[in-house]
Amino acid sequence: GNPELPTAVNITWSSINFKTILQWQPKPSGYFYTVEIHGQTSDTKKKCILTAETECDVTDVLRNVKETYTAHILSVTSLGMDNFEEPPFAVSEKFTPYSQTVLGKPEIQNYTQKSSKLNVVFQDPLTPYTFPNGSFQSIRDIFQHDLEYKLYYWKDQSSGKKDATTESHKFEISVDSTKNYCFYIQGVIPSRRENRNGQESMVLCTSVGRNILDEYGAEVFIIIAVIVIAVITLAVVLSVILCKRKKTKAAREKEPLNSI
């Protein structure tokens, strides 16, 4: 090979919902990179041939998601691919998509709070992989019974958090009918040792039965009560002062009559 060419460093796998990007350093100058994906049981596949970039989307060559792969990042000149010498290369850590891809955010489709029941319906994140008919596979299509979801919920403006688990696409939770609730959903792979918990969905809150006290809190009402009491007190004081002034004026107006 050509020992003068630098080899890649800081090689990392970044994968969410099985979309997998390989990244490394440094930016090449006067040479290129070519990525080879090696599987334990599959043939070697080349990606991003003669690229000047430092990342490569390798999703389509990792379709066997339970296979364990390594990436060889070759440092080559434009002519280097034509000779029979092995170019210098760096090897990545091992990567198994099934156990290492991160679960993306579930999409909450609908939620209602009726009486003492909170109902939440959500959708699985999709993967880049497709069925023969062209529709995209979801993470549930791949993980099947290894996948479950957790709903974390709490009373609005409270820090006490509870959770519930489901293997379906919906939750039905018993709640206090007089309170509003906030919640989010997270995918979980219980069999994993690492990356068990996926990304959290957006936080949503119900608005059933919300009153002014829930909206603004007791502190605002205390302030309002103090202001009202102050206004009433001021009105009473002013009334007393005006009443005294009227009596004094009336008394003065009567004094000359008495002296006559």
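This is a short talk on one predicted model, going from the whole chain to its core, its salt bridges and a few single residues.

Let me start with the overall numbers. The chain has 260 residues, and 37% of them count as buried. Its secondary structure comes to 4 helices and 17 strands. The exposed area is about 16200 Å², with 54% of that supplied by carbon and sulfur atoms. On contacts: take those in the chain with a separation of 6 or more, and 60% of them are between residues 24 or more positions apart.

Next, the core. Which residues have the most contacts inside the largest nonpolar core? They are Trp 24, Ile 37, Leu 62 and Phe 171, in a core of 44 residues. Domain 1, residues 9-95, and domain 2, residues 107-212, each contribute at least three residues to this core.

I will take Trp 24 from that group. Setting aside residues up to four places away in sequence, Trp 24 touches a run of Ala 8, Val 9, Asn 10 and Ile 11. Another set of its partners is Glu 53, Thr 54, Glu 55 and Cys 56. The list is completed by Tyr 33, Val 35 and Ile 73.

One of those partners, Glu 53, takes us to the salt bridges. The count for the model is 6, and I will go through some of them.

Glu 53 pairs with Lys 27, at 3.5 Å from N to O. Glu 53 is in the loop between β4, residues 45-51, and β5, residues 55-57, while Lys 27 is in the loop between β2, residues 19-25, and β3, residues 32-39. The two are 26 residues apart, so this pair links distant parts of the chain. As for accessibility, Lys 27 has a relative accessible area of 54%, which is over the 50% cut-off, so it counts as exposed. Glu 53, at 42%, is partly exposed.

The next pair is Lys 46 and Glu 36, with the closest N and O atoms 3.1 Å apart. Here both partners sit in strands: Lys 46 in β4 and Glu 36 in β3, 10 residues apart. Is each side of this bridge buried or partly exposed? Lys 46 is partly exposed at 43% relative accessibility. Glu 36 has a relative accessible area of 14%, and because that is under 20%, it is classed as buried.

Then there is Asp 60 with Lys 47, again a salt bridge, at 3.1 Å from N to O. Asp 60 is in the loop between β5 and β6, Lys 47 is in strand β4, and 13 residues separate them. Lys 47 is buried, at 18%, whereas Asp 60 is partly exposed, at 39%.

Now two residues in strand β6. The strand covers residues 69-76, and Ser 75 is in it. How buried is Ser 75? Its relative accessible area is 0%. A polar atom of the Ser 75 side chain lies 2.5 Å from the backbone oxygen of Pro 6. Pro 6 also appears among the contacts of Ser 75 outside its sequence neighbourhood of four places, along with Leu 5, Thr 7 and Ala 8. The other contacts of Ser 75 are Tyr 31, Phe 32 and Tyr 33, and then Pro 87 and Pro 88.

The second residue in β6 is His 72. His 72 is buried as well, with a relative accessible area of 15%. Its side chain makes a polar contact of 3.3 Å with the side chain of His 38. Beyond four places in sequence, His 72 is in contact with Thr 34, Val 35, Glu 36 and His 38, and on another stretch with Phe 89, Ala 90 and Val 91. Glu 36 in that list is the residue that forms the salt bridge with Lys 46.

Last, a residue in a loop. Ser 158 is between β12, residues 148-155, and β13, residues 161-166. With a relative accessible area of 33%, Ser 158 is partly exposed. What does its side chain reach? The backbone nitrogen of Gly 160, at 3.2 Å. Ser 158 is also 9.1 Å from Tyr 181, C-alpha to C-alpha, with their positions 23 residues apart in sequence.

That is the end of the talk.

Notes
Residues are numbered from 1 along each chain as its sequence is written. This is a predicted model: local features need pLDDT of at least 70, side-chain atom pairs count only at pLDDT 80 or more; totals for chains, interfaces and linings use all residues. Side-chain values use heavy atoms; hydrogens and water are left out. Buried means under 20% relative accessible area, exposed over 50%, partly exposed in between (1.4 Å probe, protein chains only). A polar contact is a pair of N or O atoms within 3.5 Å; within protein, one must be able to donate a hydrogen and the other to accept it, and residues adjacent in sequence count only if both atoms are side-chain atoms. Contact means heavy atoms within 4.5 Å. A nonpolar core is a set of buried Ala, Val, Leu, Ile, Met, Phe, Trp, Tyr and Cys residues joined through side-chain atoms within 4.5 Å. Domain bounds come from an automatic or database domain assignment. A salt bridge is a side-chain nitrogen of Lys or Arg within 4 Å of a carboxyl oxygen of Asp or Glu. Accessible areas come from the Shrake-Rupley method with a 1.4 Å probe; for residues, only the protein chains shown count as cover.
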